[in-house]
Structure formats: structure tokens, C-alpha cells
Amino acid sequence: MKTRISFVLFDLCLHNSFIGSTGSPLYGTSGGTTVGANNSSHNKFKGFNLFNMQIIVRFTCFLFITFTSFTVIFTHKVTESGDILLGGLFPIHQKGSNSSRCGPINKDRGIQRLEAMLFAIDKINADPNLLGKIKLGAIILDTCSSDSYALNQSLEFIRASINTVESSAFECRDGSTPRPKYGSKHISGVVGGSYSEVSLQVANLLRLFKMPQVSYASTGTSLSDKTRYDFFARTVPPDTYQALALVDLVQSFNWSYVSLVTSEGQYGDSGMNAFAREAKKRNICIAMNEKVPMNADQHYFNQILTNLKMKSNAKGVVLFLRAEDNRGLLEAAKAANQTNSFSFIASDGWGTQAKLVEGVEEEAEGTITVELQSREIEEFDYYMGNMSAYHNRNPWFQEYWEDTFSCRLPPYTHNVDTDNNNSLPICSPNLRIDRSMGYRQESKVQFVVDAVYAFAHALHNAWLDLCSGTENYCPALKELDGESFYKNYLLNVSFIDLAGSEMKFDRNGDGLGRYNIFNYQQIPDTNQYQYVLVGRWADEGLELNKDELKFNEGVPEVPTSICSNPCSLGEIKIVQQGDTCCWICAKCDPWAYVYNESHCEDCGAGRWPNKDKQSCYDLPIQYMKWDSLFAIIPVVIACLGISLTLFVIFTFIKYSDTPIVKASGRELSFILLGGIMFCYLNTFILLWKPMTIICALQRFGVGFGFCIIYGALLTKTNRISRIFDSARKSARRPSFISPKSQVLITMILVSIQVIGNLVWFVLEPPGTRQFHPDGKRSEVILKCRVRDSSFLLSLVYNMFLITTCTLYAVKTRKIPENFNESKFIGFTMYTTCIIWLAFVPIYFGTGNSFEIQITTLSVSISLSAYVALFCLFSPKIYIIIFHPDKNVRKLTMNSATYKKAPTTSTTCPTTSANHGLWYYHCYRARQADSGHTGQGYGRQSYPSSPASHTTTPSHTTTDCSRRRCQRR
């Protein structure tokens with residue numbers, strides 16, 4: 001019941017400690033400041049100022065301490081007398097079980113650190129350059145590694161502060177300065193505690209009495225908050241720096257997927273938060289985040305290992321644990337036979353402690369540990385080597401001695417209550433602490449010494465300022481306010497410590513961030529293990545010698561700790577929501593590049609990604625090259641055709657007045673030859689690099705050339721057909737059969753094609769486009785901007801002309817042989833139809849091969865021109881060149897042999913250019929004279945040369961001429 005009441009009172013004290021910091025109601029700017037910001041709302045408290053509030057709080061705490069002094073018995077402590085006292089808090093014992101407050105002796109972290117404080121006080125008191133004749137003393141207590149126990153123990157430090165009232169609170173009637181009736185030793189500051197949880201609790205208590213505190217091992221990040229812990233400082237850096245060092249280590253191993261195990265409490269929580277925050281910035285994911293409670297048993301550690309195994313890819317495990325929790329995890333790994341399952345990276349809670357890994361060396365092998373960068377103080381080793389258990393001011397040293405040497409001291413030497421094991425041998429008086437028995441200076445010894453020296457230097461500077469002219473402890477120094485001492489002197493100290501390192505505080509009262517990196521390795525060819533220094537970390541970054549690293553079973557290769565393997569070249573990560581380290585790799589499209597690790601970006605039309613898939617380049621634009629075989633073949637064909645056409649034109653011009661040229665119709669023949677020449681020239685237009693003007697010429701030229709040829713042929717076949725159709729029906733001459741009419745009709749037919757092309761240009765303007773065959777964007781072909789369907793549609797009119805010419809050729813196929821040019825026209829049409837029927841499927845079937853498509857089109861046009869050239873003009877050229885004797889008027893009008901009938905028969909030559917019509921009139925006249933009817937027209941033949949006639953009566957010719965004139 002007393003304990004419950006005491007803690008209620010103490011909660012009141014702690015509550016008031018959080019009322020405010022500088023400028024808050026508790027620590028206001030002046031003694032006249034009223035409680036609260038709004039005076040009108042606190043009228044009933046008028047008259048209460050800050051000073052009165054402090055008196056109430058202090059009196060409440062005094063009642064608490066007085067009350068609890070009857071229940072808390074301070075049985076063990078180190079008392080070192082001096083003019084100025086420093087408090088000390090050390091984990092002399094480990095945390096006890098539920099039935100006891102304290103556990104086993106903590107040899108290194110407890111005894112060595114305690115002795116380091118006593119060693120530093122001895123050095124300071126022996127130094128004439130520090131504090132003059134003022135001597136430092138100490139009251140050192142055991143925290144038993146427990147925050148609640150440490151809080152009770154810390155009440156010893158503030159007892160003197162409560163009993164020492166401020167002289168300004170009183171006044172004497174004679175005006176002299178008030179002085180206390182009973183003298184007491186004032187605690188100027190406290191060195192400790194070790195664990196961050198302990199320091200947090202103690203700092204909340206000490207700040208009530210403005211008592212400075214300097215820790216030598218507490219690294220919790222919350223302690224840097226000066227709004228809450230405004231009288232706290234430390235000679236070690238906060239866990240923020242250690243977390244940075246751990247993240248740098250993880251990143252140096254290229255680990256992106258690790259598990260994190262932390263101890264419950266300030267140390268583990270602050271370390272976990274700092275590590276997680278920094279890891280997130282560097283895209284390092286935490287697979288499992290396990291927390292070890294204060295009183296975790298073996299079953300709990302087994303469960304943690306089971307959980308860690310669930311994330312088998314997370315081979316790296318970061319430990320932000322206290323020493324006992326680290327050992328508990330290793331023991332669980334040994335019991336579960338999981339020796340090489342993980343690679344540990346441990347904080348300074350593991351450090352370089354040999355005791356921690358005893359019996360679990362194989363499980364600990366390969367661990368990377370972080371330890372505050374410290375140097376051994378050689379004088380301290382000498383100091384420890386000269387100590388004896390028989391005469392020592394440390395009440396726990398005998399317990400330490402027995403545990404270290406596994407012996408027991410004689411009963412009469414014990415000044416503490418210990419369980420004296422009678423089975424152990426009596427300790428030899430010759431035992432000494434040295435390296436031969438396994439002694440090794442604890443890593444925080446330097447920081448304990450630095451904390452004591454920081455107080456000494458701050459007191460020395462205050463003594464110089466306040467006690468000038470005296471070497472003793474002056475009243476001004478004794479009355480120095482704790483807040484002024486902390487801010488003006490303690491935080492501003494800077495010196496070179498006994499290990500040769502620089503010691504100073506930053507603006508938050510934290511020490512410099514410097515760490516050593518160790519690797520726990522097996523000594524070659526032995527069963528011994530050791531911590532090997534493999535690197536250092538400071539504000540400048542990490543320095544790591546990877547060649548000296550050895551991981552599980554002494555393997556030098558760095559293990560892999562990633563969730564997903566890195567994506568290959570040209571792949572991106574498809575990340576699961578909320579888990580940036582686990583992904584599925586997906587290939588970018590062939591035409592896309594990797595914009596970032598999770599996004600592909602299209603290179604765009606005409607561009608293609610480089611081999612590294614990080615950027616794009618412009619694809620070479622393909623078009624028909626003149627040196628290509630696909631261009632050479634049609635060019636050769638076209639050039640040969642142009643040569644032959646020019647030869648025919650030259651021949652027709654030269655023999656333009658000869659009967660055979662006249663009989664073939666000179667005007668239409670030259671139009672035909674012009675169309676044929678234009679078709680050959682189309683080959684060069686089609687093979688030229690596409691551009692707007694070239695595309696316009698292509699679209700115009702193909703249809704225009706064909707239209708000239710087939711328009712002229714249609715005019716000619718239509719003329720022949722109309723002549724003979726008209727002759728069968730009447731003797732009247734058909735209209736529009738003169739040369740001028742024929743040329744006009746041809747021009748009209750051609751103009752329809754021209755108008756269609758112009759409309760086509762308006763609806764679909766000519767231009768170029770980039771074409772990807774078969775959707776393959778790796779190839780870019782420069783083509784004219786015209787659809788194949790549109791191109792085919794432009795030839796519909798020419799197809800109509802070809803079809804019509806073919807029908808007329810079929811219709812006039814049986815006319816007399818001197819009109820057999822229609823047969824050549826018919827053959828031309830048949831052949832042209834075959835060529836174009838073969839061309840259409842080839843052209844549209846090879847749309848993805850522009851070279852074959854262009855070559856096919858060019859050759860097809862040239863072949864059509866060749867057919868027209870050879871079929872229509874080769875017979876005439878043959879006669880003109882090789883048989884000029886047949887190039888006479890008579891033969892051009894009669895090309896068949898006429899055989900006489902048994903009755904009278906005559907030859908009736910026709911002399912007119914319209915020989916078919918005149919032949920038909922004469923034939924009707926002869927039939928009338930001889931009494932024959934027109935049914936025998938198809939069975940008669942006519943002589944092809946004068947030699948076939950034996951006689952040609954003159955009266956017959958005269959009579960035919962007469963009748964012919966009459967019929968006309």
C-alpha cells in the first residue's frame with residue numbers, strides 16, 4: 001500500500017516535469033509570471049507566481065521521497081567523498097527475474113564502467129590543472145538493468161537537492177544572506193544511465209531539479225529532444241547515426257530485403273524507427289519486423305526464428321537488441337539447429353562482447369557488428385591490474401572477483417551478501433586481472449571517462465568564472481543554477497580525452513557519430529573466434545574492407561538477401577502494392593525503352609531502342625535504292641523499252657509519208673507511242689525517293705500513261721467497228737471517223753482520267769508516310785501517302801478502257817485481212833488482261849515488301865507497254881525496214897487474194913483511205929450485176945498482189961467507179 005501511494009505521488013512530480021520547458025509555466029521567464037497564459041481565467045490563482053508553483057512541486061516531491069525513504073533501502077552504493085559530488089548509475093547486475101530485483105553480476109558493462117568512473121575521479125583529483133584544490137566525489141548506484149529500479153535508486157541523488165533550498169526564498173531580519181542550518185552535499189550532476197530506458201526515466205526526474213545528466217551509453221533518439229530532456233547530454237551519438245551505419249552496411253552488400261529484430265523499449269524502438277525511415281529512402285524493404293519484449297523467454301525467441309524463416313529470401317537480419325536479447329536469439333538458433341540460416345548485422349547492443357557469444361560461437365560466426373569507435377585507455381588497464389578483492393572501495397568487486405576467477409573468497413572478506421558456493425576453490429591472493437585470464441577493456445570505458453571529464457571541465461570553467469582569486473569551492477559556484485551550468489558550461493566543453501580523441505557535444509548535447517565495424521570470425525586452424533576490425537563509419541560515410549569479410553562457415557562471398565532477382569535488360573518491375581522490393585519482371589515492347597525501373601516508354605514512330613534499352617535512336621528510313629537489284633531490273637527493262645520506242649518514233653517520222661504509216665493513222669500512232677513512252681518513264685518515277693512531287697507524279701503518271709494507250713486503241717477499234725456496222729446497214733458514211741475526230745475523241749477519253757486524278761488529289765492530297773511492314777516497327781519504309789485501295793480505284797477507269805477495247809477486238813476479229821490491225825489490237829488486249837490479272841494479286845500480296853511491290857508495278861507497266869509496242873508496231877516496222885516493196889498504196893488497200901467464181905469475176909480495188917467502206921460499196925455493186933446476194937461475203941477471197949490477176953478488164957474498174965460514185 002505504501003508503494004502504491006508513493007508512486008502516485010511520484011507521478012505527480014513527473015507530470016509537473018512535463019508542464020513545460022523553457023518558457024512553460026514551470027520554467028518561466030521570471031518569478032513574477034503568473035501561472036497560465038490567460039490571467040483573467042485564473043483570477044482565483046492571483047498571487048500565485050512561478051516561484052510559488054515550484055515550491056509546491058518541490059514540496060510534493062519532498063513528501064514522496066521522504067515517504068519512500070522508509071521502504072527503499074539503499075544497501076549497496078559507492079561513496080567517494082569530495083567537495084563536489086557526482087552521481088553515477090551503472091548496470092552492476094543484470095535484470096532480475098520476477099522474484100528478485102537484480103540478476104547475475106554484469107562484469108564488463110557493470111564493474112568495468114563503474115571502475116572507469118572511479119578511475120576518472122582519481123585522475124581529475126590528481127590533476128593540478130583541473131578544479132584547483134576542489135575535490136570531486138561520487139555516489140554510485142546499481143540500476144540492475146531495470147528502468148523502474150533505477151528510478152527508485154535515483155532518489156538518492158535528489159535527496160540533497162530537496163534539502164538544499166534556494167536562499168532567495170528566505171530573508172533575514174538583519175538583511176544578511178540566509179544559510180541552511182544543516183550542511184549537505186549537493187549533487188552537481190549524474191553520470192548515467194546505460195540503457196536508454198533507464199536514462200529516460202531518470203532524466204524526467206532530474207529535470208525537475210535542474211540537475212544535469214551525462215550518459216555514456218544511452219543512444220535512444222528521443223533523448224535528443226531538448227523540449228523534453230533539456231538537462232540531458234551524452235558522450236555517445238544517438239541511434240540515428242548507428243541506423244545510418246547499419247543501412248550503409250546493408251546497402252554495401254546489395255541487400256534490398258532484410259528482416260529487423262528489435263528490443264522492446266526506447267533503445268530498440270528508436271533504432272527500429274531510424275533504420276526503417278532511412279531504409280525506406282534507399283528502397284530497402286523490411287520483410288519481417290519482430291520485437292522482443294522485456295521478459296522474453298526461450299519460446300518467444302523460437303517463435304521469432306520461425307517467423308523469420310517464413311521470409312526465406314530475407315537472409316540478412318538486422319539486430320537492434322540489447323545484449324541479453326542477442327544472446328537469447330543465438331541460443332534459440334542453436335537449439336533449433338539453424339546455425340547458417342541467417343546473416344546477422346548487429347548494433348552496438350552486441351558490439352564486441354565476448355561474454356555474449358560464449359557457447360554459441362558457431363551461430364554468431366559471420367555476424368557484422370557495429371561498435372562505437374573507442375580507444376583503449378592503457379592507464380585503465382594498469383589500474384584494473386593492480387586491484388585486489390581484499391581491499392576495495394567497490395562493494396560489488398568481490399562478487400565480480402569470484403565470478404571472474406570462478407573461486408570463492410574467504411567468508412571474513414565478504415562485505416556483501418552473496419551466495420558463497422562452497423564447491424568452488426578458495427581464491428588465491430596472487431590473482432590479478434590481466435589479459436592472460438581473458439580480460440579485455442570494455443568498449444564504453446572511454447565514454448564513461450569522457451562523461452566524468454566533461455563535468456570536470458565544465459566545473460573548472462565555471463570555477464574560473466565565479467571563483468576568481470580562490471582555489472577552493474566558493475559559494476558562487478555552489479549556488480550556480482543547474483540550468484546555467486548545463487547550457488553555459490557543460491554543453492560548451494571541448495577537450496582531448498585520455499585516449500587521444502576529441503570530445504565535445506553538438507547542439508543537442510549528443511556526442512560525435514563514429515563507429516567501428518567488426519566481423520566475428522573463426523581464427524584459422526583453431527577452434528577460437530575473434531572480432532576482426534573490417535571498417536569504420538563516420539559522417540563522411542562507410543569505409544569497409546570487403547576482402548577481410550567472412551560470413552557463415554567462413555565463406556567470403558556475400559550472401560544474397562533480396563526478394564526478387566534484378567530484372568534483365570529491357571525489363572521493368574511490376575511491384576506489388578505496398579511492397580517495393582518484391583516484383584515480377586515484364587519485358588518492354590520491342591519498340592519501347594526502359595524509362596524507369598517500373599515504366600516503359602514508347603520510342604515513337606521511326607525510332608528504336610538501343611541495345612541497352614535505356615534510350616532510342618532514329619531508324620534508318622528505307623526506300624528504293626538505285627543500286628538495288630530490285631531497281632536495276634526494271635530500269636534495264638524500261639531503258640530498253642524507251643530505246644525501242646524512240647526507234648519506232650524515229651522510223652515513223654522518217655517514213656511518215658509512206659502508205660503504211662498513213663494507213664495506220666499517223667495521229668493516233670504517235671499518241672500511242674507517246675503513251676508507251678510515258679509508261680516506260682513511270683518506272684523512274686516509281687523508283688525515285690518518295691517526296692510530295694514524286695508521289696503526285698506517280699499517282700498521275702500510272703493512270704495517265706495507260707489512259708493514253710487504251711484511249712487511242714479504243715478510239716481505233718471503235719472506228720473500225722462503226723465502219724463495218726454502218727456498212728452492213730446503209731451506204732452512208734459514219735460520222736467522226738476523220739483523223740481530227742479520232743484525236744479529239746482520244747483527248748476526251750484521256751481528260752476523264754486527268755479530271756479523276758485532280759479530284760483524287762483534292763480528296764487525298766499527295767505526300768509521304770512512314771510505313772511499318774507487318775507491324776514491325778523495327779523497319780521504317782518511306783512510302784507515298786496513298787492507300788493501296790485508292791491506287792487500285794484510280795485504275796478502274798483504265799480497266800474499263802481495257803475491257804471495252806477487248807470487247808471491240810473480239811467483235812471485229814473476222815473483218816477482211818486488210819483490216820487485220822484489229823486482230824493485233826485484240827491480241828494486245830488479251831495479253832494486257834493476263835498481265836494485269838497476274839499483277840493485282842502479286843502487288844497486294846507483297847504489301848509488306850516495298851521492293852517487290854515497286855518492282856512488280858514497274859515491270860507490269862513496262863510489259864504492258866512492250867505488248868502494245870510489239871503487237872501494234874512491229875508488223876509495220878518490219879514492212880518498212882525489211883520489205884519496203886510492200887509499202888505501196890495498192891498493197892495497203894488489198895492484202896488478200898481474191899479467187900474468181902465460175903462466172904465472171906472482177907477486181908475492184910479501193911483507193912480511198914476509208915478502204916473498208918469503199919470495199920463494201922463495190923462489193924454490193926458487183927453482187928447486183930452478177931445476180932448474187934450478200935450471203936456469199938464471208939466465203940469470198942481476194943488477191944493479195946497484182947500477180948494473182950490474169951486479166952483486169954478496164955470496164956470493170958470503170959463500172960465500179962461509176963457505181964461507187966452513184967452510191968455516194
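This passage describes a mixed sheet, three backbone irregularities and one buried acidic residue in a predicted model.

Because the model is predicted, local features were accepted at pLDDT of at least 70 and side-chain atom pairs at pLDDT 80 or more, whereas totals for chains, interfaces and linings use all residues. Residues are numbered from 1 along each chain as its sequence is written, and side-chain values use heavy atoms, with hydrogens and water left out.

Helices (H or I, at least four residues) and strands (E, at least two) are DSSP runs, numbered from the N terminus; two strands are taken to pair if DSSP finds at least two bridges between them. An open sheet of eight strands, with mixed pairing, follows the order 10-9-11-12-13-16-17-18. Strand 10 (285-292) and strand 18 (541-544) stand at the edges; each has a single partner strand, so one side of each lacks a neighbour in the sheet. From one strand to the next, the twist averages 25 degrees, with angles running from 0 to 180 degrees between the N-to-C directions of axes, which are lines fitted to C-alpha atoms, for helices over the stretch in contact. Strand 9 (residues 257-263) is joined to strand 10 in the parallel sense by six bridges, and leucine 260 stands opposite asparagine 289 in strand 10. Helix 9 (residues 298-310) packs on this sheet and touches strand 9, strand 10 and strand 11 (316-320), contact meaning heavy atoms within 4.5 Å. The direction of helix 9 makes about 175 degrees with that of strand 10.

Glutamate 365 occupies the loop between helix 11 (361-364) and strand 13 (368-372). This residue is buried (under 20% relative accessible area with a 1.4 Å probe, protein chains only; exposed means over 50%, and partly exposed in between). Glutamate 365 nevertheless has no salt bridge, defined as a side-chain nitrogen of Lys or Arg within 4 Å of a carboxyl oxygen of Asp or Glu. The nearest side chain of opposite charge, lysine 550, is 7.7 Å away. Beyond four places in sequence, the contacts of glutamate 365 include Tyr520, Tyr529 and Phe551.

Most residues other than glycine have a negative phi, and most peptide bonds are trans. Cysteine 144, in the loop between strand 5 (136-142) and helix 4 (147-153), has a positive phi of about 55 degrees and is buried at 0% relative accessibility. Aspartate 525, between strand 16 (515-522) and strand 17 (529-538), has a positive phi of about 65 degrees but is exposed, with a relative accessible area of 83%. The peptide bond from glycine 192 to glycine 193 is cis, with omega near -5 degrees.

Key:
Lys, Arg positive; Asp, Glu negative; His and termini not counted.
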